[in-house]
Amino acid sequence: YLLMYKPVGVMSTRSDPQQRKTVIDLLAAAGISGYFYPVGRLDYDLEGLIILTNDGAFAERVSHPRHELERTYEALVEGIPDDRDLDRLRHGITLEGRRTAPATVRLRRVLTTKRGPQAVLEIVIHEGRNRQVRKMADAIAHPVARLKRVRIGPVSDTRLRPGDFRELTKAEIKHLTGA
């Protein structure tokens, strides 16, 4: 059971037909052998925490939507969403004909950049739709400039840098499985 900080430009899969670098390649480069596969996915252009394992029951428990495991993202968005925008995210946005489940959303800080004002949002979801956080931000007209997953359920680690990984602790595994 490994926790990895997946960098941008790495695929969260065992192999890629286009020969792009994968999370498994990062393990191999660090001398880690054995059969691991990623639990869930992180898009190629998204960075952050991902779990790798060889335990199918654990992977199903952590990734299946019925368990509603929260995933926390830090999104740097263009512009500054107002209270109405944030409430729309909190109550659910209609994406591709289906409403998203309610999300927890916090405006963490506002930045002044060369591109204009930007806001850092903390967004907690328990669904895993394709590019969901990006599509939610687009729906309120505040596109994502940078996105990273910072927590999976109760598990986070601010010490990990892109490409780093560590073993999950027994306590983390227990919290993730609800055992």
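**Group meeting: a walk through the fold**

Among contacts in the protein chain between residues at least 6 apart in sequence, 64% join residues at least 24 apart. Keep that number in mind. One caution before we go on: this is a predicted model.

Overall picture. The protein chain holds five helices and 10 strands. Its C-alpha trace spans about 50 × 35 × 30 Å along the principal axes. What about the radius of gyration? For 179 residues, a compact globule would come out near 16 Å, and the protein chain has 17 Å, so the two agree. Buried residues account for 46% of the 179. The accessible surface of the protein chain is about 9600 Å², and carbon and sulfur atoms own 49% of that.

Now the cores. The largest nonpolar core has 31 residues. Which residues have the most contacts inside it? L52 and I123. Several elements give two or more residues to this core: β1, α1, β3 (47-53), β4, α3, β8, α4 and β9. There is also a second, separate core, of 16 residues, and L49, I51, I173 and L176 are among them.

Stay with I123 for a moment. Set aside its neighbours within four places in sequence. I123 then touches R71, T72, Y73 and A75. It also touches A103, T104, V105 and V133.

Next, helix α3, residues 83-91. Its buried residues are D85, L86 and L89. Where do they sit around the axis? They cover an arc of only 95°, which puts them on the same side of α3. The face turned away from that buried side carries exposed residues: D83, R84 and H91. What does the buried side of α3 pack against? Three elements: β7 (104-113), β8 (116-125) and α4 (132-139).

Look at the two ends of α3. At the N-terminal end, D82 is the cap. A side-chain oxygen of D82 lies 3.1 Å from the backbone nitrogen of R84. After the helix comes G92, with a positive phi near 110°.

On to α4. Here the buried residues are Q132, V133, R134, M136 and A137. They pack against β4 (71-78), α3, β5 (94-95), β8 and β9 (144-152). So α3 and α4 appear in each other's packing lists. Just past α4, A141 has a positive phi of about 65°.

Two loop residues to finish. D16 comes up in the loop between β1 (2-6) and α1 (23-29). Buried or exposed? With a relative accessible area of 9%, D16 is under the 20% cut-off, so it counts as buried. Its side chain makes a polar contact of 2.9 Å with the side chain of R20. Beyond its neighbours within four places in sequence, D16 is in contact with M11 and T22.

The other is R41, in the loop between β2 (37-39) and β3. At 43% relative accessibility, R41 counts as partly exposed. Again leave aside neighbours within four places. R41 is in contact with S12, I50, G128, R129, N130 and R149. One distance to add: R41 and R134 are 93 residues apart in sequence, and 14 Å apart in space, C-alpha to C-alpha.

To recap on the predicted model: the largest nonpolar core takes two or more residues from both α3 and α4, and the buried residues of α3 pack against α4. Back to the opening number: 64% of those contacts join residues at least 24 apart. Over to you for questions.

Notes: Residues numbered from 1 in each chain as written. Predicted model: local features only at pLDDT ≥ 70, side-chain atom pairs only at ≥ 80, totals over all residues. Heavy atoms only, no water. Buried < 20%, exposed > 50% of the residue type's maximum accessible area, 1.4 Å probe, protein only. Helix = DSSP H or I, 4+ residues; strand = E, 2+ residues; numbered from the N terminus. Arc of directions from axis to C-beta. Contact = heavy atoms within 4.5 Å. Polar contact = N/O pair within 3.5 Å; in protein donor to acceptor, adjacent residues only side chain to side chain. Rg over C-alpha atoms; globule rule 2.2 N^0.38 Å. Areas by Shrake-Rupley, 256 points an atom, 1.4 Å probe, with all protein chains shown as cover. Core = buried A, V, L, I, M, F, W, Y, C linked by side-chain atoms within 4.5 Å.
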